[in-house]
Amino acid sequence: MTADKASLRRAFEQQFGRPAELISEAPGRVNLIGEHTDYNGGFVLPAAIDRTVAVALARREDFLLRAYSLDHEQCDEFQVERVRRFMGTRGGWRDYVRGVCWALQDAHIPVAGADIAISGDVPPGAGLSSSAATELAVAGALTRGLGIAPRDLALIAQKAENLFVGVQCGIMDQFASALGVDGHALFIDCRSLEVEAVPLPDGVAIVIVDSGLRRRLGETAYNKRHAECSEAASHLGVESLRDADVEVLPRLEGDLQKRARHVVTENARVLQTVSALKAGNPKGVGRLMHESHRSLRDDFEASVPELDLLVDLAASCDGVIGARLTGAGFGGCTVSLVSQEAVQHFAEQIAGDYERKTGLTPEICVCRAVDGLRVSDA
Ligand code: GLA
């Protein structure tokens with residue numbers, strides 16, 4: 001896997017026998033807090049990270065789209081105006097190319113034929129939004145020069161994911177990948193779609209620990225939680241759980257009450273985290289991250305024992321500000337905020353302890369918050 005532009009250019013030429021014209025790069029994302037709140041009209045605080053999907057493109061005179069994935073060593077080929085026929089099929093990485101191609105046309109944006117090559121270093125299935133990064137990189141490449149704002153491309157990418165791929169995701173991943181700001185997290189109101197860049201503290205690293213467990217139950221569990229939240233909102237007579245508060249929770253029972261309690265309290269935690277960051281209060285941020293994890297574990301039931309273990313191990317390391325599971329859950333990664341000078345020791349300690357206790361080797365990725373979608377000449 002690589003997002004290295006020189007290798008991508010070379011691979012493009014080998015595959016298509018001519019040079020690429022442009023390169024479009026879109027980052028993966030990590031969510032600092034605000035989990036399973038986006039599709040409830042709530043608040044999230046992700047950051048785009050320095051792990052990227054890159055797409056090289058050269059236009060064609062006809063309406064054929066040929067795509068080549070370096071990472072899968074696989075090709076795809078279709079007529080752009082006939083892409084709808086793939087809706088609901090399962091094509092792995094191809095779904096994101098086809099889905100974006102469909103969603104652009106559905107939004108009345110003209111898509112011409114093109115040759116494209118794709119590669120990236122966002123690990124797939126780890127909860128770092130490799131799919132959103134692929135969608136945005138493809139959308140950025142196919143629409144260069146048309147003057148479409150990145151936030152509109154993000155909405156089109158989300159539509160591709162919801163209607164073409166069939167995952168009921170919210171807007172967080174696509175917005176983070178499109179609109180990320182170097183050194184900042186993005187505070188997103190997923191109802192009004194307002195975005196504010198919030199500076200991250202100096203001297204603090206974002207450390208992502210991949211549990212090595214790919215999402216158990218995958219999209220099924222995600223769509224189930226989505227449905228439970230809608231059911232809870234309709235029992236409460238509100239448009240979405242964004243409009244609920246803790247006082248009304250006793251009107252719900254069992255699992256629905258737990259799911260709603262997570263969403264209501266998580267929205268409050270995002271607002272408090274933004275205030276704590278602005279006030280230069282990292283301790284406060286850490287406490288809120290831990291509370292978020294507990295709520296995802298006990299109320300939303302989106303954690304697994306391995307993620308709980310990683311969070312506990314992180315809490316016992318020096319220099320750790322906070323830790324929690326990140327992304328959809330049911331496997332995937334944790335995110336920890338760690339003082340720069342403690343990162344090395346943190347990584348060694350976590351890797352050793354986790355491996356001893358589970359027999360699994362965690363991937364550890366020390367990240368920076370970076371800018372979102374970038375399109376340039378090849
Ligand atoms: C996935 C989805 C996002 C969001 C998170 C959970 O990453 O794609 O839209 O719902 O899960 O916070």
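The following conversation concerns two helices and a pocket in a predicted model.

Biologist: What kind of model is this, and how are residues numbered?

Modeller: It is a predicted model, in which local features need pLDDT of at least 70, side-chain atom pairs count only at pLDDT 80 or more, and totals for chains, interfaces and linings use all residues. Residues are numbered from 1 along each chain as its sequence is written, and side-chain values use heavy atoms, with hydrogens and water left out.

Biologist: At what angle do helix 9 and helix 10 cross?

Modeller: The axes of helix 9 (residues 305-315) and helix 10 (residues 343-358) cross at roughly 140° and come within 10 Å. Helices here are DSSP runs of H or I with at least four residues, numbered from the N terminus. Axes are lines fitted to C-alpha atoms, for helices over the stretch in contact, with angles from 0 to 180 degrees between N-to-C directions.

Biologist: Which residues make the contact?

Modeller: Helix 9 contributes E306, L309, L310, L313 and A314, while helix 10 contributes F346, I350, D353, Y354, K357 and T358. Contact means heavy atoms within 4.5 Å.

Biologist: How do these contact residues of helix 9 with helix 10 divide?

Modeller: They divide into seven nonpolar, one polar and three charged. Ala, Val, Leu, Ile, Met, Phe, Trp, Tyr, Cys and Pro count as nonpolar, Asp, Glu, Lys and Arg as charged, and the others, Gly among them, as polar.

Biologist: Turning to the largest pocket, which helix gives the most to its lining?

Modeller: Helix 3 does, with four residues. By class, the lining of the largest pocket has 18 nonpolar, 17 polar and 11 charged residues. A pocket is an open set of points on a 1 Å grid over the protein atoms alone, where a 1.4 Å probe fits, with protein on both sides within 12 Å along at least five of seven lines; lining residues have an atom within 4 Å of a point.

Biologist: Which elements each supply at least two residues of that lining?

Modeller: Among them are helix 2 (94-106), strand 6 (114-120) and helix 3 (130-142). A strand is a DSSP run of E with at least two residues.
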